[in-house]
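Reader: Could you walk me through this structure and explain the terms as we go?
Author: Gladly; here it is.
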Amino acid sequence: MENKQIAQIFREIAKLLELKGDNPFKIRAYQKAAQSIEDLEQNIRILAEQDKLTQIDGIGKDLALKIKEILQTGKLDYYLLLKKEFPSGLLEMMEIPTLGPKTVKKIYEKFKIDTVEKLKEAVLAKKLTGIEGIKDKTQENILRGIELLEQRRERIPLYLASQIAESFISQLNTKEVKKIEIAGSLRRRKDTIRDIDILAVSNKPTFVIDKFSNLPMVKEVLSKGEKKSSVIENQNNMQVDLRVIDEKSFGSALMYFTGSKEFNIKLRQLAAKKGFKINEYGIFKIKKDKEEWIGGKTEEEIFSILKMQYIPPQLREDRGEIEAACNNSLPKPITLKDIKGDLHIHSNYSDGLASISQLVSKAEEFGYKYIAICDHSRSLKVARGLSEKDVYKKLEEIRKINKNSKVYVLFGAEVDIDSDGNLDYKDELLKEFDIVIAAIHTGFKQSKEQITKRIISACKNKYVSIIAHPTGKLWGVREPYAIDLEEILKVAYDYKVGLEINCYPQRLDLNDLDAMKAKNFKVKLSLGTDSHRLEHLKSIAFGIDVSQRAWLEKNDILNCMEPDELFKWLKK
Ligand code: DGT
Ligand code: CA
């Protein structure tokens with residue numbers, strides 16, 4: 001937790017310095033330090049005690065002192081003073097994706113607007129006029145940005161909700177608690193989560209409920225009874241519910257609160273047809289004038305009484321899984337063991353931080369047989385896209401590494417599709433790569449027809465193997481751009497192009513439903529973490545979640561192929 005708090009303070013300092021119009025290098029230093037601290041796998045307090053803070057990437061003497069001050073006193077004077085210079089609402093206004101710090105400052109100085117709510121009112125009333133740089137179009141953009149921010153408050157992405165849930169569970173998992181499990185959409189591994197549902201078994205329910213309601217990360221208690229409590233946590237203002245359940249009913253409660261609601265309704269109907277009743281307390285046999293409790297301790301027991309296969313939580317959406325479970329034909333879910341490699345990684349040749357050999361060592365830990373290093377192409381200057389010359393330099397290094405590496409490195413590129421549908425490298429260069437993934441990084445506002453056409457023309461290039469993050473969605477920052485997925489899937493099938501399930505936690509793109517569509521069009525899916533740091537490789541787990549929810553099996557996924565098979569497929 002301390003790592004997170006310190007990272008958050010540094011992030012806010014960076015924002016406040018931006019508001020002040022301070023030195024960009026200083027701002028960048030705070031952002032970089034925040035990221036490094038967030039990615040640390042060790043507790044920062046331990047590093048501080050060993051006097052090793054300056055070994056962290058981006059932490060110099062000054063920042064090390066500031067970290068020590070926070071660890072020793074719980075606060076940072078520099079930050080508190082900086083905060084006093086501006087109303088607190090301005091920081092929140094800066095969270096609006098379309099709004100830069102300069103505009104926030106101008107709006108504040110001219111209109112005294114200092115909260116997101118006041119800003120929304122002003123934009124809706126078209127009152128935000130007379131500022132240089134704010135035109136009608138910008139007002140529309142601000143409104144769209146506010147809507148994105150509101151959505152961001154409503155549903156939280158899976159990775160953040162998981163982190164929050166884990167921190168609750170780790171603090172509650174004491175000797176008084178016999179069992180504790182996550183339920184709800186988080187257990188189903190949906191890509192966004194509204195609230196977190198936790199179930200526990202304990203002989204001391206009041207003790208557990210009290211402990212939960214008083215945890216340090218609880219900002220507000222919404223309600224508190226003997227066996228149930230609802231709170232708001234302080235990191236993302238998420239609601240977290242805890243219910244203490246009788247052991248005898250734990251399976252049925254877990255099933256009920258895992259949902260989905262649609263799944264529950266359908267299963268209840270099926271049970272009724274077979275002469276049973278199910279609810280959160282158990283499964284009951286219906287007899288003439290009474291009902292008899294016959295089970296509910298585990299979910300397995302309930303499925304078995306209903307004579308059906310166990311349905312993994314990821315599938316419980318009423319998309320045909322109940323029927324399949326009755327016919328013994330559920331898909332066989334893939335696991336990390338089935339993944340033979342990661343097909344979308346950035347190295348320090350472009351905007352990644354790790355070198356190719358560091359990435360290879362990390363890939364060994366995952367048991368991978370191959371990885372594809374797909375750095376950005378020429379035109380994407382913000383991401384340090386590679387010139388032709390650098391491409392060849394990279395090829396040389398990869399050849400050397402492959403001479404004695406357990407993990408085979410595929411020489412790859414993430415090639416930009418420009419606004420007319422042309423690729424950023426010429427065919428003569430594209431043919432050199434083992435794997436080319438093509439992606440859109442600009443012109444998001446084009447019409448559905450235009451964007452679809454761009455992607456289709458990339459599919460038709462014979463060197464393109466995969467379309468990366470096909471809808472461009474970036475949680476809280478950008479809505480998906482409009483595409484005609486079915487048209488793209490038809491062409492992708494004809495030209496033997498795979499579509500990516502980008503596993504980057506803010507993306508998850510394609511999502512479950514779109515990946516399911518791809519499967520129905522017999523188009524292969526490719527799991528890529530889009531890693532820019534070593535720590536990102538573990539995001540493959542989120543791609544596995546999407547695959548499971550999409551009913552994918554091993555032969556639908558490119559990275560479940562053995563190396564030889566994959567190389568053959570890539571040659572088309
Ligand atoms: P969300 O919106 O991300 O929190 O999604 P869930 O699925 O976690 O929904 P939530 O938290 O409202 O409820 C948790 C589970 O409780 C839900 O998946 C199924 C069950 N549940 C809630 N309301 C009902 C209901 O009215 N009928 C039935 N059968 N089940 C319900
Ligand atoms: Ca929920």
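Reader: What span should the 15 residues of helix 10 have at 1.5 Å a residue?
Author: Before I answer, this is a predicted model, where local features need pLDDT of at least 70, side-chain atom pairs count only at pLDDT 80 or more, and totals for chains, interfaces and linings use all residues. Residues are numbered from 1 along each chain as its sequence is written, chains are lettered from A and ligands numbered from 1 in the order written, and side-chain values use heavy atoms, without hydrogens and water. Helices are DSSP runs of H or I with at least four residues, numbered from the N terminus. The expected span is 1.5 Å times one less than the number of residues, so helix 10 (residues 158–172) should span 21 Å, and its end C-alpha atoms are indeed 21 Å apart.

Reader: What makes helix 10 mostly covered?
Author: Buried means under 20% relative accessible area, computed with a 1.4 Å probe on protein chains only (exposed is over 50%, partly exposed in between). Eleven of the 15 residues of helix 10 are buried, including Leu158, Phe168 and Leu172.

Reader: Why is the arrangement around the calcium ion (ligand 2) called irregular?
Author: Donors are N, O and S atoms within 2.8 Å of the metal (3.2 Å for Na, K and Ca); water is not among the atoms, so sites may look incomplete. Six donors count as octahedral if opposite ones are over 155 degrees apart and all others between 65 and 115. Here the six donor atoms subtend angles of 70 to 169°, and the arrangement is irregular. The protein donors are Asp195 (O), Asp195 (OD) and Asp197 (OD), 2.2 to 2.5 Å from the ion. Both Asp195 and Asp197 are buried.

Technical notes:
Tetrahedral: all angles 85-135°; square planar, octahedral: opposite > 155°, others 65-115°. Helix = DSSP H or I, 4+ residues; strand = E, 2+ residues; numbered from the N terminus.
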